[in-house]
Amino acid sequence: MSHFCNKFSNLNIKVKAGKLFLRSFSLEELAEKFGTPLYVVDAERIEERYIEVYKALSKYFAEFNVAYSYKANHSLSVVKLLTNLGAGATIVSSLGLELALVSGVSPSKIVFDGPSKSSEELTQAINTGVGIINAESFEELLLINSIAQNLNCVANVGVRVNLNIRANTHKKISTGLLSHKFGVSSNDLIRFLPKIKKLKNVSLIGLHSHIGSQILSLEPFAEQAKILAKLYSRVIKEFKVPLSTVDLGGGLGISYKVGDSNISYEDYASVVFSEIKSIVSKEGVNFPKIIVEPGRYIVADSSILLTKINYVKKLGNKKWLLVDAGMNDFIRVALYDAYHEILPTRKLNRKFLEKYNVGGPICESSDVFALNRKLPVMKSGELLAILDVGAYGLSMASNYNVRPIPRVIMVWKDKVKIVREKESLDDIIKKEKVPD
Ligand code: LLP
């Protein structure tokens with residue numbers, strides 16, 4: 001019996017005769033063919049997750065937009081896949097907006113978020129006619145109004161409300177409290193409403209809230225939906241603003257570790273629906289169109305980072321596996337102390353009796369993927385698979401230590417394609433100019 005527990009969030013990862021497979025692909029063979037470090041993306045898994053989200057929402061909501069959050073993974077092949085499936089886009093930058101358009105998202109399905117949008121970005125969004133711009137301050141609304149006035153149009157806006165909700169997640173990815181920088185307080189929204197109503201070139205159509213990421217309990221989402229629905233009803237009834245939309249943000253987490261709770265989108269949709277329904281029915285206002293902005297839930301468990309063990313060494317009383325992937329390739333562990341499952345690509349039928357630290361090639365002590373991780377006895381030259389790296393993996397990769405962003409391959413049924421080449425020095429320096 002191995003100590004390893006075959007309980008992956010992505011059920012397409014399998015163990016056959018002690019070796020690790022993604023669908024019909026041996027991960028060892030993929031690493032041999034394409035080199036390491038290597039991101040392997042399971043396109044069908046992204047499709048499965050998107051469809052799961054879509055079906056869960058369509059069961060409860062008549063009108064909704066699954067505006068996939070590009071920040072989680074903005075690879076062209078990933079965003080195109082999602083666009084082809086019908087997803088909208090949540091973007092937070094000018095190039096994000098262009099990428100959504102290039103991938104074929106219709107402007108009406110684009111949601112523009114962000115706490116500090118520049119006036120150039122707002123001009124571009126208004127010119128494009130994005131579905132909604134979620135403003136995060138009264139000053140931003142004034143700016144949107146004046147840009148739209150110059151362009152002789154009316155911009156559809158939402159206001160991101162800071163509902164002061166504790167999301168119960170890592171402090172660096174928690175966004176819902178008044179101590180954070182996001183949104184306007186409910187009181188300020190109410191205070192500003194008479195002024196917002198006077199702005200001729202903005203049309204306030206919705207309220208928005210995003211309370212944090214990697215949230216694994218339903219309570220904060222229920223609270224968020226309830227408070228937002230109450231505000232939505234109040235704004236319509238008391239202030240006679242004809243709101244039509246409630247944007248619930250993203251934030252639903254995934255199970256990275258055996259034992260993590262696992263909330264499905266179905267659970268989520270059912271809870272937020274009943275909260276909103278009970279309030280809008282009581283208040284006698286129309287059920288809003290719903291926007292959700294999932295990132296992690298759709299892409300996280302689609303991808304694996306394959307890395308080769310360069311050295312095995314003992315230092316003090318610790319055994320180290322020094323691998324060829326670093327925090328530049330995947331920063332979540334270094335930045336958030338995140339836990340990611342790490343498995344060998346073979347020997348999965350052996351006992352996991354050794355305890356190893358797993359570190360990368362970068363010259364800083366935070367370049368570590370795991371501490372005291374149980375694995376079979378490992379040798380240099382063997383491979384490890386870091387799981388669930390599809391969200392905030394490649395999108396946060398960098399050239400730190402003059403390292404290339406690694407190669408990315410995508411598998412689909414029995415096919416495999418390189419979707420991003422490993423960078424060369426030329427890629428890294430091509431935008432630079434050296435003065436004489
Ligand atoms: N909407 C807004 C306004 C957001 O700020 C975010 C994420 C999302 C939607 C998508 O949230 P998701 O569904 O992916 O939880 N780099 C961190 C995560 C930062 C999340 C930032 N905002 C990590 O690796 O955990």
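The legends below describe four close-up views of a predicted model.

**View 1. The ligand and its surroundings.** The ligand sits in the largest pocket, where 18 residues surround it, the closest being Ser 213, Glu 293, Arg 332, Tyr 336 and Tyr 392. A nitrogen atom of the ligand lies 2.7 Å from an N or O atom in the side chain of Glu 293, while a polar side-chain atom of Arg 332 is found 2.6 Å from a ligand oxygen atom. A polar backbone atom of Gly 295 is 2.9 Å from an oxygen atom of the ligand. Of the 590 Å² that the ligand exposes when taken alone, the protein buries 92%.

**View 2. Gln 224 in helix H8.** Gln 224 belongs to helix H8, which covers residues 219-239, and it counts as buried because its relative accessibility is 0%. Leaving aside residues up to four places away in sequence, Gln 224 touches Leu 163, Ile 165, Ser 209, His 210, Ile 211 and Leu 248.

**View 3. The cis peptide bond before Pro 37.** The peptide bond that runs from Thr 36 to Pro 37 is cis, with an omega near -10°. Pro 37 itself lies in the loop between helix H1 (27-34) and strand S4 (38-42).

**View 4. Positive phi values at Asn 401 and Val 402.** Asn 401 is placed in the loop between strand S19 (383-386) and strand S20 (407-412), and Val 402 also lies in the loop between S19 and S20. Phi is near 70° at Asn 401, a positive value in a residue other than glycine, and near 50° at Val 402, again a positive value in a non-glycine residue. With a relative accessible area of 32%, Asn 401 is partly exposed, whereas Val 402, at 61%, is exposed.

Technical notes: Residues are numbered from 1 along each chain as its sequence is written. This is a predicted model: local features need pLDDT of at least 70, side-chain atom pairs count only at pLDDT 80 or more; totals for chains, interfaces and linings use all residues. Side-chain values use heavy atoms; hydrogens and water are left out. Helices (H or I, at least four residues) and strands (E, at least two) are DSSP runs, numbered from the N terminus. Buried means under 20% relative accessible area, exposed over 50%, partly exposed in between (1.4 Å probe, protein chains only). Contact means heavy atoms within 4.5 Å. A residue is near a molecule or strand if one of its heavy atoms lies within 4 Å of it. A polar contact is a pair of N or O atoms within 3.5 Å; within protein, one must be able to donate a hydrogen and the other to accept it, and residues adjacent in sequence count only if both atoms are side-chain atoms. Accessible areas come from the Shrake-Rupley method with a 1.4 Å probe; for residues, only the protein chains shown count as cover. On a 1 Å grid over the protein atoms alone, a cavity is a set of points where a 1.4 Å probe fits but cannot get out, and a pocket is an open set with protein on both sides within 12 Å along at least five of seven lines; lining residues have an atom within 4 Å of a point. A molecule sits in a cavity or pocket if more than half of its atoms lie within 2 Å of its grid points.
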